[in-house]
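Subject: Structure for you to look through

Hello,

I am passing on the structure we spoke about, together with some notes to read beside it. Please open it first and then follow the notes with the model in view.

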Amino acid sequence: MKKILILAIIVTVSGLIAYLFVFHKPHKNTFKLKAEYIISASELLTEFETDENNANSKYLGKIIQVEGEIIKIKNISGNYEISFIDELFGVTCIVDSVYAVQQRDELIQLKVGNNIKIKGQCNGYLSDVKLDRCIISD
Amino acid sequence: MKKSILVILSLALLCVTAFSQNVYFTKGGNIDFLSKTPVENIEAVNNQVVSFLKTETGDLNFGVLIKSFKFKNALMEEHFNENYMESDKFPKATFKGQITNLDDIDIGNQGIYTANITGNLTIHNVTNEEETTAQIEVKAENIVAISTIIIKPEDYNIEIPDIVKEKIAKIITVNINIVYELYKK
């Protein structure tokens, strides 16, 4: 009887854990992820401009680190939008509010003209190359 | 003398029309959608929408990256990208269309107008003609556009397995909310 009870508890608890892991797993945390590619913002943009399909298969959904000179910083309701090269036709990195809160000190110090490294997930290319879930990595 | 004034005037007018080829843009437009069923509601938001509006011609362009849709639930986001939208294969959705009642909208005057819009919507590599209306508010410093479209996943070849059919609505409400700024180059 005791054995059955223990077994039942184990099954319930592991079921609950599995449920939480599968259905309520947290979003990926950029802080903990290693960049698969390290590249300058201008090289990244060039790759997308010259061969979008190729660049997509290489970078889409991947964590990459880009380096470049900030040309614009915008705070849109807590999400920081940092642009490299050109505001509309460059590389745009979004530091989502969740990360922005954690990196408030770093973000406040950022100025146009600064050279920085940003790590985030590459989502693709519209008029600009977009990265989100970004963090300042340097 | 009179003639030369007339010439200058018409030249000036020509210049004005040539330079008022106004282009408005945003790269932080907002699109969200809701799939509502008795079982569960699925919501996602994308606030990195790129859009251009040419007020002279009424041309309207949208570009949306599928991976920029954010869900509260990480698993839903994963399924949305991997199983339904196949965002590695088809990373973006686009709309190329036009305001068809441009005469009713006076971009030079502040106010609220209703725009009729038709165009081609491409999602999941399938293009369909869509029609909608939008509320366009011309303000001093920008243009605010609000619209809603109804999308059926099956129209865009998005297959929903039987096992989750009850959880995903047959028609999805998509809300579009854009603040256009004047594009200066």
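Below is what was found, beginning with the strands of chain A and ending with the place where the chains touch. Please keep in mind throughout that this is a predicted model.

Strands of chain A

A good place to start is strand S2 of chain A, residues 63–76, which pairs in the parallel sense with strand S1, residues 37–40 of chain A, over 4 bridges. Within this pairing, A:Tyr37 has A:Ile64 of S2(A) as its bridge partner. S2(A) also pairs with strand S5 of chain A, residues 115–125, this time in the antiparallel sense and over 7 bridges, and here A:Ile63 is found opposite A:Gln121 of S5(A). Strand S3 of chain A, residues 79–84, likewise runs antiparallel to S2(A), and 6 bridges join the two; among the facing residues are A:Ile76 and, in S3(A), A:Asn79. S2(A) and S3(A) together form a hairpin with 2 residues between them, and in the turn A:Ser77 has a positive phi of about 40°.

The nonpolar core

Which residues have the most contacts inside the largest nonpolar core? They are A:Val91, A:Cys93, A:Val95 and A:Cys134, in a core that has 55 residues. Strand S6 of chain A, residues 129–136, supplies the largest share of this core, namely 5 residues. If you select A:Val95 and leave aside its neighbours within four places in sequence, you will find it in contact with several residues, including A:Asn79, A:Tyr80, A:Ile82, A:Leu107 and A:Cys134.

Chain B

Turning to the other chain, chain B has 2 helices and 8 strands, and when they are read along the sequence they follow the pattern α-β-β-β-α-β-β-β-β-β. Of the 185 residues in chain B, 25% are buried. Among the contacts in chain B with a separation of 6 or more, 55% are between residues 24 or more positions apart.

Where the chains touch

How many residues of chain B are in contact with chain A? There are 14, and they are in contact with 20 residues of chain A. On the chain B side, the elements that give two or more residues are strands S1 (23–36), S2 (41–54) and S3 (59–65), along with helix H2 (74–84). S1(B) gives the most, with 3 residues, and this side of chain B divides into 6 nonpolar, 4 polar and 4 charged residues.

Best wishes

Key: Residues numbered from 1 in each chain as written. Chains lettered and ligands numbered in written order. Predicted model: local features only at pLDDT ≥ 70, side-chain atom pairs only at ≥ 80, totals over all residues. Contact = placed C-beta atoms within 7 Å. Nonpolar A, V, L, I, M, F, W, Y, C, P; charged D, E, K, R; others polar. Core = buried A, V, L, I, M, F, W, Y, C linked by C-beta atoms within 7 Å. Buried ≥ 20, exposed ≤ 12 C-beta atoms within 10 Å, placed from the backbone. Pairing = 2+ DSSP bridges.
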